[in-house]
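Here is a short briefing on a protein chain and its ligand. Look at the structure, then work through the points below.

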Amino acid sequence: MELWFTELQEKGLRLGFKVKDVLFKGRSQYQEVCVYDTVTYGRALMIDDVVMTTEKDEFVYHEMLVHVPMMAHPRPERVLVIGGGDGGAIREVVKHPSVRFAHLVEIDQMVIEASRKYLPQISLALADPRVKITVGDGIEYLKTTSDRYDVIIVDSTDPVGAATGLFAEDFYRSVRNALRPGGIHVSQTESPWFYQELIGQIAGVFRKIFPVYSLYLATVPTYPGNMWSFSMGSLEHSGDIVAPDRYAALGCKYYTPELHAASMVLPKFVQDMIKEDPPRGVPGEAVERPHK
Ligand code: SAM
């Protein structure tokens with residue numbers, strides 16, 4: 001009997017994975033966490049039936065989420081990752097020799113444990129001595145911490161449940177306050193195919209909060225629409241790569257200095273999405289999940 005996992009990505013849009021084995025299935029106080037061994041994408045982490053990361057294509061997302069802000073900063077030493085419990089973002093962060101302290105604030109211990117056990121190639125850097133793991137709400141952490149960072153990365157789930165507030169103006173203001181001088185922030189901000197309004201709203205908020213705002217894209221095969229967006233806010237630096245010679249040490253499979261620049265060249269419909277003039281709503285309200 002064939003076993004398939006189907007993600008309902010958007011209303012009327014499904015993505016199916018033929019499954020060889022169900023490696024883990026658990027429910028935390030926040031969400032359902034599963035790890036499947038799939039025929040095409042290898043092992044895959046799902047949260048509430050949504051694809052988080054797969055062994056085959058995870059490097060695209062994690063390299064672009066991390067190396068664009070890190071390579072746009074002259075010397076990133078203290079880095080914060082909010083969400084990212086699979087460890088992929090942290091793995092890319094600690095590839096930078098300048099990093100002295102990498103702090104992961106992930107709300108769900110179950111995600112960390114499942115990733116450690118079933119996705120070792122993604123989670124392995126969680127054991128790096130420079131990494132500190134806090135199991136907690138990133139929103140609350142930033143409201144109360146006096147810690148300051150050179151780069152703050154938000155690698156969250158979609159804007160639903162505990163992640164809703166990670167897309168709100170108040171949260172972005174707390175991010176800005178936790179940046180050191182010259183600091184840079186990046187958030188994954190969903191697919192331009194299905195989150196036009198959210199991406200436009202975030203553009204308006206970032207332009208209010210950060211001196212420099214840019215949006216960049218990457219192609220992630222297992223994410224809805226495959227085109228994925230990243231919103232970057234910088235206190236001082238342009239967002240362009242500052243020291244291409246640092247690239248050789250990273251051992252990337254997707255990110256390159258040329259791609260750093262090219263990822264910010266946007267299709268016309270995405271340029272229009274973030275134009276400064278259209279009326280903006282308020283980001284940070286939970287999106288309506290597609291009907292199951
Ligand atoms: N790359 C994935 C994507 O783009 O959808 C995200 C991967 S990572 C597994 C997302 C993580 O964000 C989850 O483990 C979830 O528990 C965590 N998360 C959601 N809301 C959070 C919050 N308020 N504070 C900290 N972590 C949060």
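A residue counts as near a molecule if one of its heavy atoms lies within 4 Å of it. By that rule, 23 residues surround the ligand in this structure. The model is predicted.

**Where the ligand sits**
- The ligand occupies the largest pocket.
- The closest residues around the ligand are Gln31, Glu106, Gly138, Ala162 and Tyr223.

**What the shell is made of**
- The shell around the ligand holds 10 nonpolar residues, eight polar ones and five charged ones.
- Both domains help to build the shell: domain 1 (3–54) and domain 2 (58–273) each supply at least three residues.

**Polar contacts with the ligand**
- The side chain of Glu106 has an N or O atom 2.6 Å from an oxygen atom of the ligand.
- The side chain of Tyr223 places an N or O atom 2.9 Å from a nitrogen atom of the ligand.
- Ala163 takes part through its backbone: an N or O atom there lies 3.5 Å from a nitrogen atom of the ligand.
- How much of the ligand does the protein bury? Taken alone, the ligand exposes 600 Å², and the protein buries 99% of that.

**How the chain is divided**
- The chain has two parts, domain 1 (3–54) and domain 2 (58–273).
- The C-alpha centres of domain 1 and domain 2 are 23 Å apart.
- The two domains touch: 24 residues from domain 1 and 23 residues from domain 2 take part in the contact.

Note on methods: Residues are numbered from 1 along each chain as its sequence is written. This is a predicted model: local features need pLDDT of at least 70, side-chain atom pairs count only at pLDDT 80 or more; totals for chains, interfaces and linings use all residues. Side-chain values use heavy atoms; hydrogens and water are left out. A polar contact is a pair of N or O atoms within 3.5 Å; within protein, one must be able to donate a hydrogen and the other to accept it, and residues adjacent in sequence count only if both atoms are side-chain atoms. Accessible areas come from the Shrake-Rupley method with a 1.4 Å probe; for residues, only the protein chains shown count as cover. On a 1 Å grid over the protein atoms alone, a cavity is a set of points where a 1.4 Å probe fits but cannot get out, and a pocket is an open set with protein on both sides within 12 Å along at least five of seven lines; lining residues have an atom within 4 Å of a point. A molecule sits in a cavity or pocket if more than half of its atoms lie within 2 Å of its grid points. Ala, Val, Leu, Ile, Met, Phe, Trp, Tyr, Cys and Pro count as nonpolar, Asp, Glu, Lys and Arg as charged, and the others, Gly among them, as polar. Domain bounds come from an automatic or database domain assignment. Contact means heavy atoms within 4.5 Å.
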